[in-house]
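Please open the structure in the viewer and keep the sequence panel visible. The tour proceeds by selection, with a short description at each stop.

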Amino acid sequence: MSDKPKILVLCGSTRFSEAYQEANLRETLAGNIVLTIGCDMRADADLFADIAQLYIPEDGLCLDMTWGLGNFWKGVTRKIISMDLVTKASILADLRYLPFKDNSFGAVILDPPYMHGGAAGPVQTIKASIASPYGNNYAHSPLSSSSVSELYQQGAAEALRVLKRKGILVIKT
């Protein structure tokens with residue numbers, strides 16, 4: 001066993017800031033090194049406007065492959081192709097099977113449908129409207145984290161396929 005402390009990375013939504021802060025304190029007091037990547041208590045849209053300004057080329061085409069309600073894009077002036085399975089996005093498609101050619105986008109945004117419940121209970125997605133289009137009844141029955149992990153991996157692989165060389169991939173967790 002190593003004498004070195006564990007290094008943990010915490011990432012999460014601002015909607016769960018209290019749980020995030022509790023985990024950070026608990027792990028720090030346990031002697032672990034806790035890294036908080038991109039943690040900010042501002043609204044997601046405000047943060048994303050900053051990210052877009054810094055990293056997404058103004059002249060490049062951007063794909064948001066999990067558009068949702070498009071809330072990230074308030075205040076962003078980049079050209080965006082919106083895609084999702086459950087909303088009024090410009091293209092309705094599954095994040096695992098993108099209908100685009102390889103190397104099509106200078107930036108790709110992936111905000112995968114996430115889950116909650118953890119070790120304390122059955123793991124479920126946040127909304128049935130997100131889960132059912134992906135061929136699963138995630139919102140109403142327990143599922144393994146490996147099933148959702150597979151969904152994320154397939155979506156990330158597709159994102160990389162359509163991303164141009166030296167493009168930027170933003171994965172929101």
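Begin by selecting Trp73, which counts as buried because its relative accessibility is 7%, below the 20% cut-off for that class. The model on display is a predicted one.

Add Trp67 to the selection. Trp67 and Trp73 make a stacked aromatic pair, with ring centres 6.5 Å apart and 10 degrees between the planes. A search of the whole structure returns two aromatic pairs.

For the other pair, select Phe100 and Phe105. Their arrangement is edge-to-face, at 5.0 Å centre to centre and 90 degrees between the planes. Both Phe100 and Phe105 are buried.

Keep Phe100 selected and turn to the nonpolar cores. The largest nonpolar core has 15 residues, and Phe100 is among the members that touch the most others, together with Leu63, Met65, Met83, Leu98, Val108 and Val162. Strand β6 (105–110) and helix α4 each supply at least two residues of this core. Which element gives the most to this core? Helix α4 does, with four residues.

Next, select Leu63 and display its contacts. Leaving aside residues up to four places away in sequence, Leu63 touches Ile81, Met83, Leu98, Phe100, Phe105, Ala107, Val108, Ile109 and Val162. Two of these neighbours, Ala107 and Ile109, belong to a second, separate core of 11 residues, which also includes Ile168 and Val170.

Move to helix α4 (residues 145–162) and select Tyr152 within it. Is Tyr152 buried, partly exposed or exposed? Tyr152 counts as partly exposed because its relative accessibility is 25%, and the partly exposed class lies between 20% and 50%. Now add Asp111: the C-alpha atoms of Tyr152 and Asp111 are separated by 9.4 Å, although the two residues are 41 apart along the chain.

The last two stops concern the backbone. Most residues other than glycine have a negative phi. Select Asn103, in the loop between β5 (91–92) and β6. Phi of Asn103 is near 55 degrees, a positive value in a residue other than glycine. At 48% relative accessibility, Asn103 counts as partly exposed.

Finally, select Lys166, in strand β9 (residues 163–171). Phi of Lys166 is also positive, near 70 degrees. Lys166 is exposed, since its relative accessible area is 76% and the exposed class begins over 50%.

Terms used: Residues numbered from 1 in each chain as written. Predicted model: local features only at pLDDT ≥ 70, side-chain atom pairs only at ≥ 80, totals over all residues. Heavy atoms only, no water. Phe/Tyr/Trp six-rings, centres within 6.5 Å; stacked < 30°, edge-to-face > 60°. Buried < 20%, exposed > 50% of the residue type's maximum accessible area, 1.4 Å probe, protein only. Core = buried A, V, L, I, M, F, W, Y, C linked by side-chain atoms within 4.5 Å. Contact = heavy atoms within 4.5 Å.
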